[in-house]
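Biologist: I should be grateful for a close look at the cysteines of this model. Please explain, step by step, how they stand with regard to disulfide bonding.

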Amino acid sequence: MARRGERPRFDKSPPPSGPPCDAPGCEAVGEFRAPRDRSRLRDYYHFCLEHVRAYNQAWDYYKGMSATEIENNLRDDSGWQRPTWPLGRLGNTKLNPEIFHDPLGLFGQAPPTPRKSAKEAPPELRAALDLLGLGWPLEESTLRARYKELAKRYHPDSNGGDRSFEDKMKDINRAYSLLRKRLAAAHDAGTPSQEASSRAA
């Protein structure tokens, strides 16, 4: 009800228009679309709000399908209903091991390279070991070889001068320096390294 002195307001929005509702006996406007069946997903019924809710609640895409048909349909959906092929020609292509560093042996026939855990390392060294992908205890020769490998991979000069690799290379240098100093300190203190112990054995 309008207050005294105010003009009454009228809703000027036009009434909904469109095709009539496809539900039998319903005279409302069919504002909402619903697919006729799973084989005609782009062919629609037109329903009012009440009847489209009832239709959606009763909709079962897999109704009438066998278990095998449902499984095949789900497999097709995982590839967006498009044909798929094995990786590489006839699925037998092997990746070049010189291009990919594959310590777990995922791309070739070689067994996975055993990796030591860094959890047993001193807490202050664990982040550096994780960054370089090394375990503990650590041999000096292993540290040097891993550093050379990562430097070759991440140095900006090896990546066309891409400066985005500079931060990664700085982190590698810091980790290498920390571990090298720790191993040198242990050597100076007379603690035999694992490398020397293995030679003696």
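Modeller: Let us begin with Cys-26. The closest cysteine sulfur to that of Cys-26 belongs to Cys-21 and lies 3.8 Å away, which is too far for a bond. The model is a predicted one, and the distance is computed from its atoms. The cut-off matters to this reasoning: a disulfide is counted when two cysteine sulfur atoms are within 2.5 Å. Because the sulfurs of Cys-26 and Cys-21 are 3.8 Å apart, this pair is too far for a bond.

The next residue to consider is Cys-48. For the sulfur of Cys-48, the closest cysteine sulfur is in Cys-26, at 3.8 Å, and therefore this pair is also too far for a bond. Cys-26 thus appears twice in the account: Cys-21 holds the cysteine sulfur closest to its own, and Cys-26 in turn holds the one closest to the sulfur of Cys-48. By the rule of 2.5 Å, the count of disulfides comes to zero.

One may then ask how these residues are placed with respect to the surface: is Cys-26 buried or exposed? Cys-26 has a relative accessible area of 18% and is therefore buried, since the term applies to values under 20%. Cys-48 likewise counts as buried, because its relative accessibility is 8%.

Taken together, Cys-26 and Cys-48 are described by two kinds of value. Cys-26 is buried, and its sulfur is too far from that of Cys-21 for a bond. Cys-48 is buried, and its sulfur is too far from that of Cys-26 for a bond.

Conventions:
Residues are numbered from 1 along each chain as its sequence is written. This is a predicted model: local features need pLDDT of at least 70, side-chain atom pairs count only at pLDDT 80 or more; totals for chains, interfaces and linings use all residues. Side-chain values use heavy atoms; hydrogens and water are left out. Buried means under 20% relative accessible area, exposed over 50%, partly exposed in between (1.4 Å probe, protein chains only).
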